[in-house]
Number of protein chains: 4
Amino acid sequence: MRADARANRDAVVAAAAAEIATHGIDISLTAVAEHAGVGIATLYRNFPTRTDLIGAVLADLESRMLAIIERCQPLIEADPESAWDAFGHAVAELRPGALVTAFAAEFVTDDHLPQSLEVERARSLAAVRQILDRAKHAGLVREDLTAAQFQMGIALITRPLPDVAVPDLAQHRAWLVDVYLRGLRP
Amino acid sequence: MRADARANRDAVVAAAAAEIATHGIDISLTAVAEHAGVGIATLYRNFPTRTDLIGAVLADLESRMLAIIERCQPLIEADPESAWDAFGHAVAELRPGALVTAFAAEFVTDDHLPQSLEVERARSLAAVRQILDRAKHAGLVREDLTAAQFQMGIALITRPLPDVAVPDLAQHRAWLVDVYLRGLRP
Amino acid sequence: MRADARANRDAVVAAAAAEIATHGIDISLTAVAEHAGVGIATLYRNFPTRTDLIGAVLADLESRMLAIIERCQPLIEADPESAWDAFGHAVAELRPGALVTAFAAEFVTDDHLPQSLEVERARSLAAVRQILDRAKHAGLVREDLTAAQFQMGIALITRPLPDVAVPDLAQHRAWLVDVYLRGLRP
Amino acid sequence: MRADARANRDAVVAAAAAEIATHGIDISLTAVAEHAGVGIATLYRNFPTRTDLIGAVLADLESRMLAIIERCQPLIEADPESAWDAFGHAVAELRPGALVTAFAAEFVTDDHLPQSLEVERARSLAAVRQILDRAKHAGLVREDLTAAQFQMGIALITRPLPDVAVPDLAQHRAWLVDVYLRGLRP
DNA sequence: GATGAATGAGCCTTCATTCAT
DNA sequence: GATGAATGAAGGCTCATTCAT
């Protein structure tokens, strides 16, 4: 039964992540539960407060971030330009905008966010700093750009649109990421 | 009492514009009315549907856009770079993100938006096109950038953050506009 | 300007009578004013309270009743049966159901109704009593039927249907009046 | 908790039936919930739309109709007159007037009414037809009266009075039913 | 552990009524 | 006198959250 519970928990987090990325932080928890195929009470058992759920989604996000970095890191020596480009787009694809709050920790204070994520955030920022340094070394990024600043930019770019259907939004986003990366060059 | 009614109407539009720019399109009309210092029924008398109110806010936005363009247009001959820069920041200060829908008309379809604004939108886009052409001529912007694309970028950058308090958000936005404008150069 | 005011007043009463007959006593006064083609404030100037308006409609109804009686009275000697029948249907056509309250005074107590109509009610009932006596004399109606009872029956039959569209309702009503009159025979 | 939920549901239907019979179809759902002793959201959980609730009340009504018929049917052979009389009064006591719409299906079209009750209506009408035939056979009712017509008459007679307190209304109704039944004789 | 049911609070919308022009 | 505007109150409906099975 432990495995079952775990599966439920994961389904809830996945559903919440998808909803948050698209519709923002103020999603209907009822809808999340339905989307995850569990009862609303199961959601509350796993995540007593909205903050707890967001914390889990955030942790999930950070781990994906680290995975991306691990994937792009080795490539940057061989072909810095396309590795950096791939990194930027991959991060943007995560659409962390709605969680900008926690994502760009330095700048943000939000009581709705869990305190316990300092470690993850620090680790994540450190990883970004590493890849950023390589990019700077390769002349792809201005020297004065900090990791937190970079993330804040990504976050601002990938925020959810409030209840509006924009066709080809993904393409617009990709285009904007291109412009963003270009604008960050020395 | 005609003047009084007018003042109330304007107060409602102003309150709605502020709320929408900050919190998005799904604001509480009750809150708007309170913010404007009028009863809820007064809001409804002036704007029977949510769409009507959004339409008024949008019209207001467009007129401010045109004012900005008229202000920046004459300066661009003398000092293209700073005029273009001022233009970009001024438009971003309007925070049209929540209304991206109508703002960058070409890309968007939304039934909640009024149909009657085609004219304003077209005029607005035409005005942007003019100033954009000058900027291209001055070598400040890539040749292949369309007016609608430019506006969509601004809109994506200035979307409201979903219910999150980010300190110094205005500064982050300004920084991002700088990067955006830089990224748009040839 | 006196004539104008009078015309307005009459228009309001007519509109209210029509609405009440069809939709009952709980009509929207705003709708009545619109229907009458006057501003809502004009309605309130003429009829400060809902009771005042209903009173006027009721007075109007009573006068129509009297007119019907005056029309049928002379005919009853020549052809009692068809005169009585015509009378019943004509009264039913007034659809006094919604105002049953006041219409069948003896049985009803309603604080929303004006006190000042006693005279009209008495006169109206007296007139009904006259024609009823003739009908009894002609053997068309049971001896023990009182005027108030007769009216209550008509009223119950002609009440407005609550917000439901019944096709050919008028025909059903006429049929029911026929049955009613038949049932009242000795 | 299944039993509890069932009890709540029944309480809501009972409260709604009482309110509808007295005040008509446009009752305040809030009032129904209060009357039933449950929260408004519980009402909505059981009956997402007003139509759903009305449908349930209607189904309840039909089942009571059938019960009455089953009770009166066997008696009609022994004493047709009093059995038929008892039947008419019992049906009138249900006060189906507000639901006339569905009650006399043939004549009515209402989008607020549920589509799914055709079966119940047909069964109910068939049952009425049976008892009606016996009554006709016993010479108590005209040959040309249809079941739907009979029901429409009952419905018209038992409609709710619009927000008016008529003392002894029940007695007036009973008297009118008597007249009605008498009027239906050959 | 999981589930569905119950609840109150909040926003949306309409309407009777009052007020200033 | 007539009018349109302003307002509060009330009902409709949804959703986050708690509870009993």
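Ala, Val, Leu, Ile, Met, Phe, Trp, Tyr, Cys and Pro count here as nonpolar, Asp, Glu, Lys and Arg as charged, and the others, Gly among them, as polar. By these classes, the surface near DNA strand E has 19 nonpolar, 10 polar and six charged residues. The model is predicted.

In the model, 35 residues lie around DNA strand E. Those that come nearest are Ala41(A), Ser28(C), Asn8(D), Gly39(D) and Ala41(D). Several helices give two or more residues to this surface. Chain A supplies helix H1 (2–23) and H3, and chain D likewise supplies helix H1 (2–23) and H3. From chains B and C come helix H2 (29–36) and H3 of each.

DNA strand F is also surrounded by 35 residues. Ser28(A), Gly39(B), Ala41(B), Ala41(C) and Ala41(D) are the closest. Here, helix H2 (29–36) and helix H3 (40–46) of chain A give two or more residues, as do helix H2 (29–36) and helix H3 (40–46) of chain D. Chains B and C each contribute through helix H1 (2–23) and helix H3 (40–46). The surface near DNA strand F comprises 19 nonpolar, 10 polar and six charged residues.

Chain A is assigned two domains, domain 1 (1–48) and domain 2 (51–183). Their contact takes 11 residues from domain 1 of chain A and 11 residues from domain 2 of chain A. On the domain 1 side, eight residues are nonpolar, three are polar and none is charged.

Two helix pairs were examined. In chain A, helix H4 (residues 50–72) packs on helix H6 (residues 80–93) at an angle of about 165°, with the axes 10 Å apart. Angles over 145 degrees count as roughly antiparallel, and H4(A) and H6(A) are therefore roughly antiparallel to each other. The crossing of H4(A) past H6(A) is right-handed. H4(A) brings Met65(A), Ile68(A) and Cys72(A) to the contact. H6(A) meets them with Ala83(A), Ala86(A), Phe87(A), Ala90(A) and Val91(A). The residues of this contact are eight nonpolar, with no polar and no charged ones.

In chain D, H1(D) and helix H4 (residues 50–72) pack at an angle of about 85°, with their axes 9 Å apart. Angles of 65 to 115 degrees count as roughly perpendicular, so H1(D) and H4(D) fall into that class. H1(D) contributes Val13(D), Ala16(D), Ala17(D) and Ile20(D). From H4(D) come Leu53(D), Ala56(D), Val57(D) and Asp60(D). By class, the contact of H1(D) with H4(D) has seven nonpolar residues, no polar residues and one charged residue.

How values were computed
Residues numbered from 1 in each chain as written. Chains lettered and ligands numbered in written order. Predicted model: local features only at pLDDT ≥ 70, side-chain atom pairs only at ≥ 80, totals over all residues. Near = placed C-beta within 6 Å. Helix = DSSP H or I, 4+ residues; strand = E, 2+ residues; numbered from the N terminus. Domains from an automatic or database assignment. Contact = placed C-beta atoms within 7 Å. Axes fitted to C-alpha atoms, helices over the stretch in contact; angles between N-to-C directions. Parallel < 35°, antiparallel > 145°, perpendicular 65-115°, else oblique. Left-handed = near helix turned anticlockwise from the far one by under 90°.
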